[in-house]
Amino acid sequence: MVVQVSGPLRRRPRARAADRRFGVRLFGAVAVAALSAVPFGLLLVLVEGRWRPLRVMDAGAARRLHETALAHPAWTSTLRFLSDWVWDPATLRVVVALLTAWLLWRRAWRLAAWSGVTAVAGALTGLLVKTVVERARPSLADPVAQAPGFSFPSGHAMTATTSFAVLVLVLLPLVPRGWPRHLCWSVSVFSALGVGFTRVALGVHWFSDVVGGWLLGLAVVASTTWAFEAWRADSGRSRSTVAEGLEPELNEDAPER
């Protein structure tokens with residue numbers, strides 16, 4: 001005698017398996033976010049506690065770079081151009097928005113969602129932390145630049161981290177293997193580090209502000225990337241690697257079919 005199972009009873013094992021996967025992924029997302037945010041949290045505690053060694057380091061870096069900026073006006077003008085135009089958060093957000101629109105045109109819906117969510121989450125998270133911490137910017141004699149708002153974390157550094165991570169992880173499948181990919185990573189890392197340097201050199205951020213922006217940006221990217229990898233696993237695709245980009249199938253006609 002054969003008993004056929006149909007309806008809700010047939011769906012129960014599948015639903016339980018989905019629930020287990022959801023629980024594991026939910027825990028994993030929390031773990032990824034926590035681990036990537038731990039260094040930022042530690043730095044935040046030191047900033048809020050006004051830890052003397054950190055204050056001495058910040059003040060020393062600000063003083064030395066400010067003296068250099070005053071002594072070399074042409075160098076300072078170059079840094080201001082890079083900070084206010086090339087690496088400005090508005091510029092980088094426009095680039096990411098254009099990339100997201102292109103992904104929608106390519107019908108890479110989920111990759112476009114990841115790109116947009118990463119950029120927006122980074123901007124909102126940085127603004128929220130700035131508002132909560134309310135750290136004052138450096139106050140220097142004869143300032144060479146001005147910036148509004150609070151100081152920690154650096155919005156420029158955080159936006160550069162999230163934006164260049166999005167650009168590289170999305171476009172890497174379209175770049176030939178070998179030195180072109182190494183060049184993409186090198187330019188991205190140099191740009192993120194360069195943004196931080198310009199902000200400290202121009203006297204509008206403490207060094208710890210910049211480090212905080214880098215760390216918080218990495219935490220956001222790590223969290224959203226983990227969620228994208230969970231979708232790939234659900235859809236039966238192999239796990240991607242940093243060396244291949246988030247969606248190696250992007251160079252195909254229908255990358256998410």
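Here are a few questions and answers about this predicted model, centred on D209 and the cores.

The model is predicted, so local features need pLDDT of at least 70 and side-chain atom pairs count only at pLDDT 80 or more, while totals for chains, interfaces and linings use all residues. Residues are numbered from 1 along each chain as its sequence is written, and side-chain values use heavy atoms, with hydrogens and water left out.

User: Is D209 buried or exposed?
Analyst: Let's place it: D209 is in helix α8, residues 207–234. Helices here are DSSP runs (H or I, at least four residues), numbered from the N terminus. Buried means under 20% relative accessible area and exposed over 50%, with partly exposed in between (1.4 Å probe, protein chains only). D209 has a relative accessible area of 0%, so D209 is buried.

User: Which residues is D209 in contact with, leaving aside its neighbours within four places in sequence?
Analyst: Contact means heavy atoms within 4.5 Å. With those neighbours left aside, the list for D209 is R135, S151, F152, P153 and S154.

User: What does α8 reach from its first C-alpha to its last?
Analyst: The expected span is 1.5 Å times one less than the number of residues. For the 28 residues of α8, 40 Å is expected, and the helix comes close to that, reaching 41 Å.

User: Which helix supplies the largest share of the largest nonpolar core?
Analyst: A nonpolar core is a set of buried Ala, Val, Leu, Ile, Met, Phe, Trp, Tyr and Cys residues joined through side-chain atoms within 4.5 Å. The largest one has 22 residues. Helices α4, α5, α6 and α8 each supply at least two of its residues. The largest share, 7 residues, comes from α6.
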